Amino acid sequence: MSAFALYQSLSTDSPAPAKTASLQVVEKKKKRKRKENGVSKVNTVKAQLKPERKKMRKKLLKSAQREEAAEMQVEECVNGDSEDLDALLADLAKVNNSRERASQLFQWLINPIPAKTFFRDTWEKKPILVQRKNPNYYKGLFSTAEFDRILRQEDVQYGVNLDVTSYTNGTRETHNPPGRALPFTVWNFYESGCSLRMLNPQAFSSTVWNVLSILQEQFGSMAGANVYLTPPGTQGFAPHYDDIEAFIVQLEGKKHWRVYNPRTEDEVLPVLSSPNFDQSDIGKPILEVVLEAGDLLYFPRGFIHQGECLPDAHSLHITISSYQKNSWGDLMQKMVPAALEIAMEEDVEFRQGLPLDYLTYMGVQNSDKDDPRRTKFFSRIESLMKKLTTYAPVDAAVDQKARDYLHDCLPPMLSPEESASSVKGAPVRWERGQVVGVGAHITTQTKVRVLRAGCARLCSDGEAVHLYYTTDNSRVYHKEEPKSFEINAEHTDAIEFLIHSYPKFVTVGSFPGDSAEDRVALAELLFERGIIHTAEPL
């Protein structure tokens, strides 16, 4: 009996609960329930559809609007030129500025579309297709052979690193056994028609890690990836939309893709991913294409999509993603509660009592009343909301987002030159019964800079200043706690100087500070944490 057949005979998966209508009466202009402050975990999926707003405040897009939008959704480009990825990454390692490095790598990803044009006309707006007629364009990024190597040599766990899925007769199923994913069982599932999804290939592939760690500086947001291996003639996932900006990079074989407009205005740039849809839920596709090796398909969050393999070829693609929970609303979720707390401390208007009789004319049960007191109440709310902006701690809220981002980030993958000039390549070692190589020290003449433009950031919690950094992060998402340490007040100017000096190397003696000893001590601390490296190996 195959592993797939054995799994089916033992499976006790219960059917998904039926979707029920909300019992809550909905206010005409009801605010969405505010989430607790903080970012939800990644890969959160809606458990149920949102309750109806009054008369579907934002109804289905009109068919005429859909047709007009569809005409704008697809641009096809053809480009056959490519550079070997290993050579490209080696060349990029020589680029002095990590932000410029990220810009060049992103341009390679979407060639021949100019990045400026992409972000102006396409980003968050519409899908775009790049057909290259060059199966080797992305060669070296990942492969089925690499997939097999990882299964054989690494500790791959079902549900953590790998999902086994199928979608047949309109039903999406996950077939993950417990424990480690070994080749004997995994390839048996594949031969039985199941798709394989590797959830964090950057944990196992140095090339994927390198690419993502560079691209995250292009987005100013975590860059993640999933790898999908699908057998010929099968489909692994139901139609759905995601809460990330998706770049589908076809690596091997080919896959038939269908992309659909968001169904309603509420699903444009959604906060969460969708449940699985039935075909009857999603209408007609605005884009239908067969991606072949070397092709790229981009679509924004909220665009429904599904991919199926043709009978004559398997498919291997990697989805590079970014911009999860990176909206204005996500920033304001952090800012507004803090602004309100400040306003209530500093402004008596926010502390004055509500009208004695406000319950008699406000609330959902009174929302249809034509009462002048309601107009006055709303006017007061509007006045307070406008005033609230003057108390908004914008920079502090941005720093909260930045802390989350630095926690999300992959650590930088160092070039041999960077490793040799950082703590990772320090020559200290045990040799012939003694410690050697400890004679090299940082002095005021030593030239240093931060390892990456975005690898460290000063943030204040109102009482103390901490330096958050990415260089000790794990290649597995949030495996480690956020990395930070408290900075003495007299060192904040020096660290700001160092961060703002990038990409230039500066001497330790040029740091702002009271004494040479303080400057050297700070540089040694940053060097030991892997945050800075020297112009020449110590």
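## Exercises on strands, turns and backbone

Lys447 faces Thr507, which sits in β18. The model is predicted, so local features need pLDDT of at least 70 and side-chain atom pairs pLDDT 80 or more, while totals for chains, interfaces and linings use all residues. Residues count from 1 along each chain as its sequence is written, and side-chain values use heavy atoms, without hydrogens or water.

**Exercise 1.** Work out which strands form the open sheet containing β14, and which are its edges.

*Solution.*
- Start with β14, residues 447–450, which is joined to β18 by 2 bridges in the antiparallel sense. (Strands are DSSP E runs of at least two residues and helices H or I runs of at least four, numbered from the N terminus; two strands pair if DSSP finds at least two bridges.)
- Next, add β19: the open sheet has 3 strands in the order β18-β14-β19, with antiparallel pairing.
- Finally, find the edges: β18 (506–507) and β19 (532–534) each pair on one side only.

**Exercise 2.** Trace the partners of β16, and decide whether this strand is enclosed or open to its surroundings.

*Solution.*
- Begin with β15 (residues 456–460), which runs antiparallel to β16 and is joined to it by 5 bridges. Here Arg457 is opposite Tyr468 of β16.
- Look at the turn: β15 and β16 make a hairpin with 4 residues between them, and Gly462 in that turn has a positive phi of about 95 degrees.
- Now move to β17 (residues 483–487), which also pairs with β16 in the antiparallel sense over 5 bridges. Val465 faces Ile487 of β17 in this pairing.
- Last, check burial (under 20% relative accessible area is buried, over 50% exposed, in between partly exposed; 1.4 Å probe, protein chains only). In β16, residues 465–469, 4 of the 5 residues are buried, so the strand is largely enclosed by the rest of the structure.

**Exercise 3.** Locate the cis peptide bonds at Pro112 and Pro503.

*Solution.*
- Asn111 and Pro112 are linked by a cis bond with omega near 5 degrees. Pro112 belongs to the loop between α4 (98–110) and α5 (115–121).
- Tyr502 and Pro503 are likewise linked in cis, with omega about 10 degrees. Pro503 is in the loop between α13 and β18.

**Exercise 4.** Leu269 and Lys325: which is buried and which is partly exposed?

*Solution.*
- Leu269 has a positive phi, near 50 degrees, in the loop between β7 (245–260) and β8 (287–292). Its relative accessible area is 30%, so Leu269 is partly exposed.
- Lys325 also has a positive phi near 50 degrees, in the loop between β11 (315–322) and α9 (328–346). With a relative accessible area of 10%, Lys325 is buried.
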